[in-house]
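Visitor: I should like to learn how the features of a structure are read. Please show me the model, and let us begin with its enclosed spaces.

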Amino acid sequence: MAETEPQSPPPTIRREDYRPPAFLVDQVDLHLALHPTATRVKAKLALRRNPAAAPAADLELDGEALTLLAARLDGAPLGADRLAHLPGGGLRVADVPAAFTLETEVGISPEANSELSGLYLSGGNYFTQCEAEGFRRITYFPDRPDVMARYTTTLEADRAACPVLLSNGNPDGAGELPDGRHWARWVDPHPKPSYLFAVVAGDLVAMRDRFTTRSGRKVALGIYVRKGDEDACGHAMDSLKRSMAWDEDTYGLEYDLDVFNIAAVSDFNMGAMENKGLNVFNTKYILARPETATDADYEGIETVVAHEYFHNWTGNRVTCRDWFQLSLKEGLTVFRDQHFSADQGSAAVKRIGDVRRLRAAQFPEDAGPMAHPVRPDSYVEINNFYTATVYQKGAEVVRMMRRLIGEANFRKGMDLYIARHDNQAVTIEDFVRAMQDASGTDLSRFARWYAQAGTPALRVRDAFDKASGRYTLTLAQSTPPTPGQPEKQPVPIPVAMGLIGPDGAELPGAGLLLLEEAEQGFTFEGLPAKPVPSLLRGYSAPVKLSGLSLEQLGFLAAHDTDPFVRWDSAQQYATAEMLRLVEEVRSQKPLALPEGLAAIFGAALDRAMEDPAFAAEALVLPSEDFVADQMAVADPEAIHAMRQFLRGALGTRFSPRLAALHGALEETGPYRIDGASIGRRALRNASLAYLARAEGAAGAEGLARAEQQFEAGRNMTDVLAALRVLADSDSPARQAALDAFHGKWRHDDLVLDKWFAIQASAARPDALEAVRALARHPDFDLRNPNRARSLIGAFAAGNPARFHDASGDGYRFLAEMVIALDAVNTQVAARLVSPLGLWKRQDAARGALMRAGLERILARPGLSKGTYEKVSKSLAA
Ligand code: B3K
Ligand code: ZN
């Protein structure tokens, strides 16, 4: 679906150009007569001129891929003289009064909608996706979040094909129609922006439950899925009820309708969508059975269900004035879902996972061609800004604010924010102001975190004066330039810290340092000996810390009381050693296992059973991409060789203990998804992965254990961990296992996605060949976003050694796939192109090949504006 001509670059939208809407909509009455190719949408809008906007004689409405069938103003038909079609698909109504009713009728084709934005079909059922700008693909409307209206929606469809008819709000009647059709009406009492509109209709079944809010409102809960999947909704339902209770306990926020429905769909552009009273979810974040879903899937479901539910207040009741404010709802809601998940199990392990994800996705983005502030200043395609920066860094900014003003003040600030802005479309300034007013803390400087792109570097040095016992910590910060922002100012960095004495005991002096300037010294008096500083406890700021010696890092890894710093110091230690080993690979020196690293690994194994979940995190080496990010010029082959060497050497050195752990942690009882059980499986499978890489008999034993574990088929976590070990190996059992897995699960889309992804991310020399073959496999389908991501994304973003093959074939493959996808689903295409944009990290030869791939995409006639924006910015950086 070509959206723009590449010849004329699409326009850039700027934050500074924001103007209030010329017209407001008080009431929307929609009537959708559903049909696969000829759905008719009647809309009746009660409009009035916005007193806060510059007067306009004409009304301009957004529209896209709509066929106008009729239009009336205050009941009188509008002729061609009063209507003009705008470029891009909008509609202008000339010379309108101050307040009036506009009725339109349009035709749309859900079946032709492969963008999966607006109203579309998936497996014969109807779903909508309106955020960010999909509502204009359903009807003509001022499709911007600061136009909040009350909606009544009547759905009409064939009863046999669509027994279920759902929309936002509360049900308000249903009935029969001639010709086997029926109708249902939904009324949403809460004003909302158009991006929260939703319709789901089709042959679905519901898992039902109830929740009573603390003020006594009885809420009917429903999760709608395809027949046969009802038994796989229990974890999602349980997560929903826990989320509802948590938001009451933690923020005093209650649900505000009589029903809360979720519908799951297997064709979906992202994870899920928070439509008012009718969340729509990717099946990946709803369906789970022990035999089909991994522990990570279970955790993902809990997180995403909570996230979308929490949007009901942070996003829906209080929404964004414009899309530049996206982090107002997303950063805040990610912070809330992280906090919720931390409260459900081990907060330390949750934090480690979140930081790992931040470093894997957000840091490279912040250092790449698409770097942008948490609140962007401009965009071409807003869908390109649903990023790790807006979401994850945005959450870090909220977390820092909470640390600065304290938990109690943060809660007061949230209360004030909601009391002030309920039913409003507001800005990030409004949020910061509420926190400032509630706490009495001046946050004006802190707000720079929203405006400045790039990851700050934090450098530490220290000095100790033995005679006086005075210890001085000097902290210095700098933020690198990013596209459009050559100069950076210092940002306030909260550094939670402690001091550890030479004997490993915590010394007095722990607290919060606030680094506000480019450089500041902090002194501590009366210390008996030079301490080791434990900095960024709990990862109190999203910065890159440096300046500690290997010796200090090793000491912290062994002794710190803060689990995050213990984990991170070990990671930093490993990173330093890995960087040194990469250089040795490059100069073809023989590699040896660094003894310090082996000692840290051994110590983690010694304490593994105390906290298996933490140990599992501690045993994982920094990823190849993370190591590449620390190098001026990456060397994917050398990094891969180095990391494989280390995995093998650690597996060999510790094989008896790894085998013992794998044996001791074997489960006999039923599958459980509590944190302790998940932790034990993670540790067991981490042990297996190392063991299978060991040399000689130990490695053979590891592979044999993987085969047994695969065949035992206890649960998907263990099966997939074993299959990954086999898929990464040259074991003769490899192909048989992959074939058996395919044979068993070919009818389960979500499991089949795993089968594609595991092969795409296996770093064997023939990986690209395998990926090309898989792209022609009968089960591959470019039109299904999950499937496209599980092959193309898993290869390009999850297999650095093969994606960066020196031949450039990996880049060519990605370029071909992006071109093909852009003609089908532009949002997914634009998302998958990202790895090609990071060409500056690579050497000149690879960089040139990556640019050639980008240029090839750019030359494509009819390229979408989303892909155009990503590719052209990547080439310009
Ligand atoms: N708000 C949606 C994301 C919409 C993405 C549009 N391209 C899901 C979420 O963040 O909760
Ligand atoms: Zn969200």
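Guide: This is a predicted model, in which local features need pLDDT of at least 70 and side-chain atom pairs count only at pLDDT 80 or more, while totals for chains, interfaces and linings use all residues. Residues are numbered from 1 along each chain as its sequence is written, chains are lettered from A and ligands numbered from 1 in the order in which they are written, and side-chain values use heavy atoms, with hydrogens and water left out. The largest cavity is lined by A570, Q571, A574, L597, I600, F601, A618, L619, V620, L621, P622 and L650.

Visitor: How is a cavity defined, and what is the volume of the largest cavity?

Guide: On a 1 Å grid over the protein atoms alone, a cavity is a set of points where a 1.4 Å probe fits but cannot get out; a pocket is an open set with protein on both sides within 12 Å along at least five of seven lines; lining residues have an atom within 4 Å of a point. Grid points are joined across faces, edges and corners, and a volume is the space filled by probe spheres set on the points. Here the largest cavity has a volume of about 100 Å³, and the count is 3 cavities of 30 Å³ or more.

Visitor: Which helices each supply at least two residues of that lining?

Guide: Helices (H or I, at least four residues) and strands (E, at least two) are DSSP runs, numbered from the N terminus. For the largest cavity, they are helix 10, helix 11 (595–606) and helix 12 (612–619).

Visitor: Which element gives the largest share of the lining of the second largest pocket?

Guide: Helix 10 gives that share, with 8 residues. The second largest pocket has a volume of about 550 Å³, and 23 residues line it, with K544, L545, S546, Q572 and Q630 nearest its centre. Among the elements that give two or more residues to this lining are helix 4 (347–366), strand 31 (544–546) and helix 9 (550–559).

Visitor: Which residues are the protein donors of the zinc ion (ligand 2)?

Guide: Donors are N, O and S atoms within 2.8 Å of the metal (3.2 Å for Na, K and Ca); water is not among the atoms, so sites may look incomplete. For the zinc ion (ligand 2), the protein donors are H307 (NE2), H311 (NE2) and E330 (OE), at 1.9 to 2.0 Å. Along the chain these donors have the spacing H-x3-H-x18-E. The pair of H311 and E330 links distant parts of the chain, 19 residues apart: H311 is in the loop between helix 2 (295–310) and strand 22 (318–320), and E330 is in helix 3 (residues 326–344).

Visitor: Are H311 and E330 buried or exposed?

Guide: Buried means under 20% relative accessible area, exposed over 50%, and partly exposed in between (1.4 Å probe, protein chains only). Both H311 and E330 are buried.

Visitor: What does UniProt list for residues 236–448?

Guide: UniProt positions are given in the numbering used here, feature names are shortened, and annotations may be inferred rather than shown by experiment. For residues 236–448, the unreviewed UniProt entry lists "domain: Peptidase M1 membrane alanine aminopeptidase". Over this range the chain is 55% helix and 10% strand. The unreviewed entry also carries "domain: Peptidase M1 alanyl aminopeptidase Ig-like fold" for residues 454–546, where the chain is 0% helix and 53% strand.

Visitor: How many disulfides does a search of the whole structure find?

Guide: A disulfide is a pair of cysteine sulfur atoms within 2.5 Å. The search finds 0 disulfides. C320 is in no disulfide, as the nearest cysteine sulfur, that of C130, is 16 Å away.

Visitor: Why is C233 without a bond to C162?

Guide: The sulfur of C162 is the closest cysteine sulfur to that of C233, but the distance is 19 Å, so it is too far for a bond. C233 is buried, at 0% relative accessibility. C162 is also buried, at 3%, and is located in the loop between strand 12 (148–158) and strand 13 (164–167).

Visitor: Which backbone feature is found at D95?

Guide: D95 has a positive phi of about 60° although it is not a glycine. D95 is exposed, with a relative accessible area of 55%. L116 likewise has a positive phi of about 60° without being a glycine, but L116 is buried, at 6% relative accessibility. A further backbone feature is the cis peptide bond from E131 to A132, with omega near 0°.
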